[in-house]
Each structure stands twice: as structure tokens, then as C-alpha cells.
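Reader: Could you take me through one part of this model up close? I'd like to hear about the sheet in the first chain and what packs on it, and then a few words on the other chain.

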Amino acid sequence: MFRRLSRWAVAVPVALVIAGLSGCGSSDTAGSTSSAPASTSAAAGAKDVNVFAAASLTGTFTELGKAFEAAHPGATVKFNFGSSATLAQQIVQGAPADVFAAASPATMKTVTDASLASGPTTFVRNRLEIAVPKDNPAKVDELKDLTDPKVKVALCAEQVPCGAAAVKALDAAGLKVTPVTLEQDVKATLTKVELGEVDAALVYTTDVIAAAGKVQGIAFPEADKAINDYPIATLSKAPAGDLAEQFVDLVLSRQGADVLTKAGFEAP
Amino acid sequence: MNSSQARRPGRSDTPGGGAAGHSAARRAVSGRLPWMLVLPAVVGLAFLVLPLAGLLIRAPWSTLLQRLAEPQVLEALRLSLVCATAATAVCVLFGVPLAWLLARLEFPGRRVVRALVTVPLVLPPVVGGVALLLVLGRRGLIGQWLESAFGITLPFTTIGVIVAEAFVAMPFLVISVEGALRAADRRFEEAAATLGASRWTVFRRVTLPLIMPGVVAGAVLCWARALGEFGATITFAGNFPGTTRTMPLAVYLALETEPDAAIVLSLVLLAVSVVILASLRDRWVNSP
């Protein structure tokens, strides 16, 4: 009993020291040479990349995460998907993130203003579409149809990026829409369409594609006025160090762009 | 008169059974404080109270009044109070009979029914909201019939908020009332029945007065749960100022952009509920 305990007592601090050393080593010495020892120590399971990403990136980033793990044996990519505004708040409150990919420059600004990241890069853009149930019960075919009081419309709340974009698009078109609900994120908005509870909603093109035939998407010209830029940045205190940079590099690479455009995102 | 005398021997183990017995018991257990109990109790108390202290410390006191005066805040507060109270009324109306059924009637599958009653307790509220949409939504099993026959749609209406809150809060009432029914002395009911009272009269004149503290406690729990309801509400009833945006929804949205505003809203909700619950307690529950 005692012997087993003492063995743990030695093993745990040793493991912690090793993990700590390899963590420091990779973040102190920037450059391509340090990435080799960093990835060998990753075999000990010490290398996690925590990626905080907008909910609309769920499908594409999960795919890129698998590609990253395949290219970096021993590394694990952990995702925290959610509303960009919520993620930004979590990071400011000290959540251990390595990479932040936001659905709007405004939510990225929350993090850069707190000096937790700098120099974000816009990696994709997303466009709004009208989503209607498969049978389109209210016969919606353009943005103006949403102003009809008989048409039940769901929008995102103005506090989240898809809601801000919807307001911008409707303002650009000079239309006034009274929605029945202001949903807390774009996936919730889409669910209301999928279930047929509303006749139309404004969501991203990528969400319509991800819904795989459960809703019908209708493009509208005013969407040009409300295109969302998606910025990505590594956090200045990223615990994963170089590995975080390498994940961002993958997103910005040709391979990353292919995955993202296939899902309906537009190149910046 | 007779009943209160008859109750005493059978219920001497319950607190408040008599002032004399109470103080005698206190004398018997005096002595050193049992640290094995006191220490965890203090830790537990701190765990429950510290987050509240966090809210109070971080509250933007300088702009507090100005934020409170915003019409949207009062609108959300009014909606929260109205909906939680209506949901509690619905729960009492249907929950008390349901508790009676579970406690007083022997029927096959009673255990299963009792387990089903607690489903909303373990179900994540958002899932509860989706389930409600699938049944009462515009294309739901009952909802589509409601719309075609009466032109009623529940989602995105204030009634929808009440439905969602009642769904989530009802188990609290049923469990509390069923517990009271099981603890109540059935001999009074039997005596009333032998004197010729019908089952309904027995329930109304004997059972209900006996279990009243349990009903009130259940209703208070139920109201508190309904007041804080978020997941089922935003999923089933949506979120629109004035019709379905209750305080918890307003807090959640404020958190996205203005954490300070969210803290103020939380404090308002907290203050109002504490005041109401405290005043109810003095009036209805015999606090020692």
C-alpha cells in the first residue's frame, strides 16, 4: 500500500515537471527547430490545442481538427463551439484558449481590446440567406415577403453576429420586419425553420448547406450589404504555443480553404 | 378540537409538534458542537452564498438606477412575475390531483407513472422545449390540430411561456404534495369516510387542510423554478420583448454584449424573488 502510494508521489510531480518544461520550451523558443521536440513530447499526451470557434464553424473545424491530428501525431485538438460573443467573454474571463475563431470582427475586438490576442486574420466570409421549410408554406421567394404580417419570421438576436447581419441587410433593403422571435444563436434560429414553427428565417448560407435538405435556402441581393468577416487569431498566452500557430496555418492553407468553401463559406 | 388532540401522540417526532417538547429536545442535545457537521455546513453555505457575493461586488452600482429605469427591464420583470405565477396556478390545478392519484390510489404501473412525473427534472430544459415543440408546436401532434380547429398556436406567445414553465416546474409541486399526502395521518380520512363523507368531501374538508403546508411549500418551489426558467422557454416560446422575453432570457442576451447589464438584471430578479418568498414564508409557513 505504502509502496504504491510513494510511487505515485514520485510519478505525479515528475510528469508535471516534464509537461511544464516542454510547455515552456515550445513557447519560449519560437521557430521551426523547436517544433520538432515539441511534437515528440506530445507523445506523452501533453499537447492539446484548445480552439474556441463560432458555432457556424462546427462542421468544418471538426474536419480540420482531424486533419491536424493526423499531421501532428500525439496532438489533440479540443473544440469549444458556441456563440462568438459568449466565447469572447469566456476568453476574457480567463478560459484556457489557444485559438479563437469568431464570426464577427466585433466579437474578436472584445478579445484584442483585452490585449489577449493581436493581429487577427480574416479567413472566410459568410453570407445570409433566407431559410424556409422544405415545402415553403408561406410561398416566400424574396426578402420583401418577410414583411407580410402573416409570415412568421425568426431572426437572431441583435447581440449575436447573425442578428447584427440581419439588421444590416434589412436596413440596406429599407424593409421593416417584425419577427415572432429573436433567437440566441444561428443554430436555434435554423431549428425553428426545420421544425416548421416559423415560415422563414435569416441564417447563413453555410447553415442552409449544413441542414442537408431539411430546409430550403433562398439567396437575396441585399445580403451583399451584410457579409460577415470571420477573423482568427492565436492568443498571446496560448498554452499550446507553436502548435496553436500551426493550427491557424492549417486553417489559412489551401487545404483549409477547400474544406471551408465546400461548406459554403466565401474566400475573404 | 378533537383532531388536534388526537394528532399529538402520532406526530411527536415532527418539529413544531409542541413548544414544550421542542425546548426539552434542545436541552438534551446541548454540549459541544459536532464539528463533523458544522464544518461541511459552513462550506456548503459558503458555496451557495459566494456566487451571490460575486454578483453584489461586481455590480455597477453607479449606473444601477439608470439601468433599472429602462422600460425593457420593467417589461421583462412584469412578464416574468405574471408567467411564473400563472404557471404555478396551472401546476397547483393539475399537480395536486396528480399527487393525490399517486399517493392514494393503487393501480398497476404506479411506479412507472411516478418515474415519468419526474422526467422534466432530469431532462435538460432545452430538450424539454424541443419536446414541447414536437407535441404542441405548429406541426406537432396536438399543435397542428389546435391550429386547424381553433386557430391557436402556442409557440412565440405568452401562453407558450406559461406552458414551458409549468412543464419544468410541475414535478417540484407533485413531489412535495405527494410527500405530504404520504406523511398525513390517514385515520382522519377513514374516520370521515365512516361518518358518511364522499371521497371528494373527504379530500376537500380533511385531506387538503392537512396537507396545506406541503402544497404551499410545493407551490413556492414551483414558482421559484418557473421564475428562473430559461432553456425550455427560449426553445419553445422563443424570445421577443414584451411577449416572451422573461428576465432569464434578458440576462442571457445581455451577457452576450454587456455583462454589467446582465449583473443588474440578475440582481433585480434575485431581489424581487427573495422579497416575495420571504413575505410568503411569514404569512403561510409557520417558521420556528
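Author: Sure, let's start with the sheet. It's an open one in chain A, with five strands in the order β7-β6-β8-β5-β9 and mixed pairing. At the edges you'll find β7 (181-183) and β9 (215-218) of chain A; each has a single partner strand, so one side of each is left without a neighbour in the sheet. Ignore direction, and neighbouring strands of this sheet are turned by 35° against each other on average. Keep in mind throughout that this is a predicted model.

Now zoom in on one pair of strands. Strand β5 of chain A covers residues 128-133, strand β8 of chain A covers residues 200-204, and the two run antiparallel, paired over four bridges. If you want a residue to click on, try A:Glu129: its bridge partner in β8(A) is A:Val203.

Next, the helices. Helix α6 of chain A, residues 161-173, packs on the sheet and touches β5, β6 (153-156), β7 and β8 of chain A. Compare directions and you get about 120° between α6 of chain A and β6(A). Then there's helix α7 of chain A, residues 186-194, which lies across β5, β6, β7, β8 and β9 of chain A. Set against β8(A), helix α7 of chain A runs at about 140°.

So much for the sheet; on to the other chain. Chain B comes to 15 helices and zero strands. Of its 288 residues, 31% are buried. Looking at contacts in chain B with a separation of 6 or more, 75% of them are between residues 24 or more positions apart.

Chain B is also divided in two: domain 1 takes in 87-244, and domain 2 takes in 246-283. Between the C-alpha centres of these two domains of chain B there are 24 Å. Where they meet, domain 1 of chain B puts in 10 residues and domain 2 of chain B puts in seven. On the domain 1 side of that contact, α12 (199-227) and α13 (231-236) of chain B each supply at least two residues. The largest share of that side comes from α12(B), with three residues. Sort the domain 1 side by class and you have six nonpolar, three polar and one charged residues.

Definitions and conventions:
Residues are numbered from 1 along each chain as its sequence is written. Chains are lettered from A and ligands numbered from 1 in the order in which they are written. This is a predicted model: local features need pLDDT of at least 70, side-chain atom pairs count only at pLDDT 80 or more; totals for chains, interfaces and linings use all residues. Two strands pair if DSSP finds at least two bridges between them. Axes are lines fitted to C-alpha atoms, for helices over the stretch in contact, and angles run from 0 to 180 degrees between N-to-C directions. Two residues are in contact if their C-beta atoms, placed from the backbone, lie within 7 Å. Domain bounds come from an automatic or database domain assignment. Ala, Val, Leu, Ile, Met, Phe, Trp, Tyr, Cys and Pro count as nonpolar, Asp, Glu, Lys and Arg as charged, and the others, Gly among them, as polar. A residue is buried if 20 or more other C-beta atoms lie within 10 Å of its own, exposed if 12 or fewer, and partly exposed in between; C-beta atoms are placed from the backbone.
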